[in-house]
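I opened this notebook to record what I looked up in the structure. The entries follow the order of my reading: strand pairing, core, then charged pairs.

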Amino acid sequence: MPIGNMARSQRVEVVLIIVLLMLMSIPYSPVVGDEDGACCPSDDFDLFLLGSADDGTLSPFESKLDEKFEKLVTPSIQGLVEIGNWEITWGLQGDYPDSTWEFRIPYEVESAAGIQVNATIGVNIGSTYFEGDAGAGLFLTNEGEVVIPIEVLAGEVRSGDKIKLTFSVRSLSFSSPGDEAGIRFVWGTDDFRARISMKLPLVSIDMKEPSVNGNLVYFPVLLKSGFGDSMWTGSSGGLSVASSSIADSPIATPTNNGVEVTFAWEIPETAETGTYFVLFHLIPQTSLRIDCLLYTSDAADEEDSVDLGGRRII
């Protein structure tokens with residue numbers, strides 16, 4: 001039966017069932033939504049190091065990688081050297097599992113054959129502290145990345161907790177140093193992607209109840225995080241119905257704890273009552289794509305439906 005021909009005497013019904021299923025593409029790891037329709041998994045993602053060594057910040061958005069920062073360490077500096085600290089206030093509460101996080105920072109060895117160094121990274125999750133080191137006698141030459149694993153035990157992060165990184169080196173020993181010998185640590189741009197790969201709840205996606213107005217179906221998607229509307233504006237994403245992407249830009253409305261993104265789907269006149277798959281996707285960064293699979297069906301339990309203008313929204 002065609003949808004959208006309101007002149008017909010027979011009532012046209014479109015039954016929408018909203019079922020939320022979170023799928024992590026890298027790696028593939030399906031997560032089922034909570035009873036209230038929200039999904040809040042602990043995601044694998046990167047936080048990039050931004051800002052100066054003394055007052056740095058962290059961000060999951062690659063679009064923020066637009067300014068280069070560096071710290072030079074020379075043979076004249078002895079003892080423990082704090083390269084920098086970076087922090088962010090977390091905006092989403094949730095559990096995180098036992099996992100191995102990984103810190104990476106680019107370096108350049110200057111005027112020396114190489115350098116032996118001990119490097120450590122301290123990680124604060126609120127009041128909980130973890131530490132990792134690159135191993136004794138790490139020898140660095142030319143340029144590359146210092147890579148440090150951090151064993152993180154399961155716990156809970158709360159909204160308002162500070163996530164803080166402190167990177168330090170000590171016991172520097174230069175091999176065949178020249179007059180301008182040193183090691184330079186660099187971060188903040190696409191070419192120098194210093195980062196920590198971690199597993200924390202990054203964003204909660206709440207598929208709110210859709211509504212129907214005439215031949216339009218509105219799908220509101222609430223993105224809750226500590227990043228405000230940047231979780232949408234700093235990411236790419238979209239929504240498709242029956243494998244057809246909605247071309248019109250959604251309306252993004254900031255909320256107290258995130259941003260609500262509303263997509264409008266115009267029901268085709270040739271559409272028939274039945275099952276329609278609806279897919280929302282969000283890509284906060286290249287290595288992370290979140291797919292939210294919804295579907296519409298006429299096989300729903302009518303007792304749980306709401307009648308809106310001749311259409312049942314479930």
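**Entry 1: strand E16 and its partners**

I began with strand E11 (residues 114–125), which is joined to E16 by 11 bridges, the two strands running antiparallel. I note here that the model is a predicted one. Within this pairing I looked up Gly 122 and found its bridge partner in E16 to be Thr 166.

I then turned to strand E8 (residues 81–89), which also runs antiparallel to E16 (residues 162–175) and is joined to it by 8 bridges. Here I recorded that Trp 86 stands opposite Leu 165 in E16.

**Entry 2: the core and Trp 90**

Which residues of the largest nonpolar core touch the most other members? I found Trp 90, Phe 103, Phe 167, Phe 185, Ile 205, Leu 223 and Phe 280, out of 76 residues in that core.

I followed Trp 90 further, setting aside its neighbours within four places in sequence. Its contacts include Phe 45, Leu 47, Leu 200, Pro 201, Leu 202 and Phe 227. Trp 90 also contacts Val 157, Arg 158, Ser 159, Gly 160, Asp 161 and Ile 163.

**Entry 3: charged pairs**

Two of the contacts of Trp 90, Arg 158 and Asp 161, led me to the salt bridges, of which I noted a count of 14. The side chains of Arg 158 and Asp 161 meet in one of them, at 3.8 Å from N to O. Is Asp 161 buried or exposed? I recorded Asp 161 as buried because its relative accessible area is 10%, which is under the 20% limit. Arg 158, at 44%, is partly exposed.

I next looked up Arg 193, which forms a salt bridge with Asp 190, the closest N and O atoms being 2.5 Å apart. Both ends are partly exposed: Arg 193 has a relative accessibility of 25%, and Asp 190 has 46%.

A further salt bridge joins the side chains of Glu 260 and Lys 208, at 2.9 Å from N to O. This pair links distant parts of the chain, 52 residues apart. I placed Glu 260 in strand E25 (residues 258–266) and Lys 208 in the loop between strand E19 (204–207) and strand E20 (211–213). Lys 208 is partly exposed, with a relative accessible area of 35%.

Finally, I recorded one network formed by salt bridges that share partners. The network joins Asp 46, Glu 102, Arg 104, Glu 145 and Arg 195.

Definitions and conventions: Residues are numbered from 1 along each chain as its sequence is written. This is a predicted model: local features need pLDDT of at least 70, side-chain atom pairs count only at pLDDT 80 or more; totals for chains, interfaces and linings use all residues. Side-chain values use heavy atoms; hydrogens and water are left out. Two strands pair if DSSP finds at least two bridges between them. Helices (H or I, at least four residues) and strands (E, at least two) are DSSP runs, numbered from the N terminus. A nonpolar core is a set of buried Ala, Val, Leu, Ile, Met, Phe, Trp, Tyr and Cys residues joined through side-chain atoms within 4.5 Å. Buried means under 20% relative accessible area, exposed over 50%, partly exposed in between (1.4 Å probe, protein chains only). Contact means heavy atoms within 4.5 Å. A salt bridge is a side-chain nitrogen of Lys or Arg within 4 Å of a carboxyl oxygen of Asp or Glu.
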